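Q: Hi! I'd like to go through the charged contacts in this one with you, after a quick look at one annotated stretch. Could you pull it up?

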Amino acid sequence: MPPYRYAQEELTEAIGDLCLPAGADRTLLRRLHASAGVRARHLALPIERYADLGDFGQSNDAWLAVGLELGEEALVGALQEAGLGPADVDLLVCTSITGIAAPSLDARLAGRLGLRPDVKRLPVFGLGCVAGAAGLARLHDYLRGHPADTAVLLSIELCSLTLQRRDDSRANLVAGALFGDGAAALVARGSAGAGPEAAGPFVVATRSRLYPDTEQLLGWDIGPTGFRVVIDAGVPDIVRDHFGRHLRAFLADHGLTTDDIGSWVCHPGGPKVLSTMTDTLGLPDDALQTAWHSLATVGNMSSASVLHILQKTWEFNRPEPGTWGVLLAMGPGFCSEVVLLRW
């Protein structure tokens, strides 16, 4: 996480100064912040710096500078925990939807971290919040064909840098209430390289799903000021009307039901999404507690959130060996990605 951490109440008024006209009523803003389920968040920059970001170029420059620092910290830390070094990485998948660069972040990190010159790289833009789950799924696809390899997923999301100044639209205010900044890295090894002592769960299967005629629900409108967020109130309806049925069908293909799943690693899209997920799937009230806690303590960090929740599950609520788990997220498209795990 970046070092700049703020309580939600501090951010409410600061974001009001950035986004609302002078003297505007802040009732809606305060209500959105109070109901977001967020108590504190980390920001890429000190809050007073955001007023000086005059255009998209300056915001993107900040994304690149801070993103490289956080990405290096996350990637080095993950490799160290896995007992590996940069030269052991065969594939690096790097995802971010909060900035853009060519050469991409992964290319810029390769030399400074000592990745091999023949490392395979895949920079990903456009998946948004779903990219943490989709990235893990694509690592799994690759490792099935390269079972002796090591693959790394790196997520770098600095959502605060996309906040639109002097934009009092509901979507911008909702984003300002929910999203935080952070980076996460995950190391995965193929079946020939993992060994019986491998830490963490095994990926058993994955499934992707695009929902027709939902492109307008979530994403960016890209213009002179950069990434203007699109968030439609209909996202929980997709969970209620479609996602539950598709998830149950996926589990049934493996002889499982939701009752067989002992560990849920769910991207925290927001309070309504988490509540709808719990109700639609008929989960126990505490099934998504790690997701709720992540939302409260660091906000929604887009693709990094589901990896943060996976880490917290491993550290504080580690399932017994043999437990079935599901890791899931949704994002622009509108789409979902589900990963079946075995701890």
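Q: What are the helix and strand percentages over residues 65–187?
A: In this predicted model, the chain over residues 65–187 is 41% helix and 21% strand. The C-alpha atoms at the two ends of that stretch sit 24 Å apart.

Q: And which UniProt annotation covers residues 65–187?
A: The record, an unreviewed entry, labels them "domain: Chalcone/stilbene synthase N-terminal".

Q: Switching to electrostatics: how many salt bridges does a search of the whole structure find?
A: The search finds 13 salt bridges.

Q: Let's take a few. Which side chain does Arg26 meet in a salt bridge?
A: That would be Glu13, at 2.9 Å from N to O. The two are 13 residues apart and link distant parts of the chain: Glu13 is in helix α1, while Arg26 is in the loop between α1 (8–19) and α2 (27–34).

Q: Is Arg26 buried or exposed?
A: Arg26 is buried, because its relative accessible area is 18% and the cut-off for buried is under 20%. Its partner Glu13 counts as partly exposed, with 29% relative accessibility.

Q: Which residues are joined with Arg26 into one network?
A: Glu13, Asp17 and Arg30 are joined with Arg26, through salt bridges that share partners.

Q: Nice. What about Asp90, which side chain does it meet in a salt bridge?
A: Asp90 pairs with Arg116, again with an N to O distance of 2.9 Å. Asp90 lies in the loop between α3 (56–81) and β3 (91–95), and Arg116 in the loop between α4 (105–113) and β4 (120–124), so this salt bridge ties together parts 26 residues apart in sequence.

Q: How do Asp90 and Arg116 come out on accessibility?
A: Asp90 is buried, at 13% relative accessible area. Arg116 has 24% relative accessibility and counts as partly exposed.

Q: One more. How far apart are the closest N and O atoms of Asp237 and Arg240?
A: They are 2.7 Å apart, and the two residues form a salt bridge.

Q: Why are Asp237 and Arg240 separated by about one helical turn?
A: Because they are 3 residues apart within helix α8, which spans residues 235–252.

Q: And which accessibility class do Asp237 and Arg240 fall into?
A: Asp237 is partly exposed, with a relative accessible area of 36%. Arg240 is partly exposed too, at 44% relative accessibility.

Q: Great, thanks for the tour!
A: Any time!

Key. Residues numbered from 1 in each chain as written. Predicted model: local features only at pLDDT ≥ 70, side-chain atom pairs only at ≥ 80, totals over all residues. Heavy atoms only, no water. Salt bridge = Lys/Arg side-chain N within 4 Å of Asp/Glu carboxyl O. Helix = DSSP H or I, 4+ residues; strand = E, 2+ residues; numbered from the N terminus. Buried < 20%, exposed > 50% of the residue type's maximum accessible area, 1.4 Å probe, protein only. UniProt positions renumbered as here; feature names shortened; annotations may be inferred.
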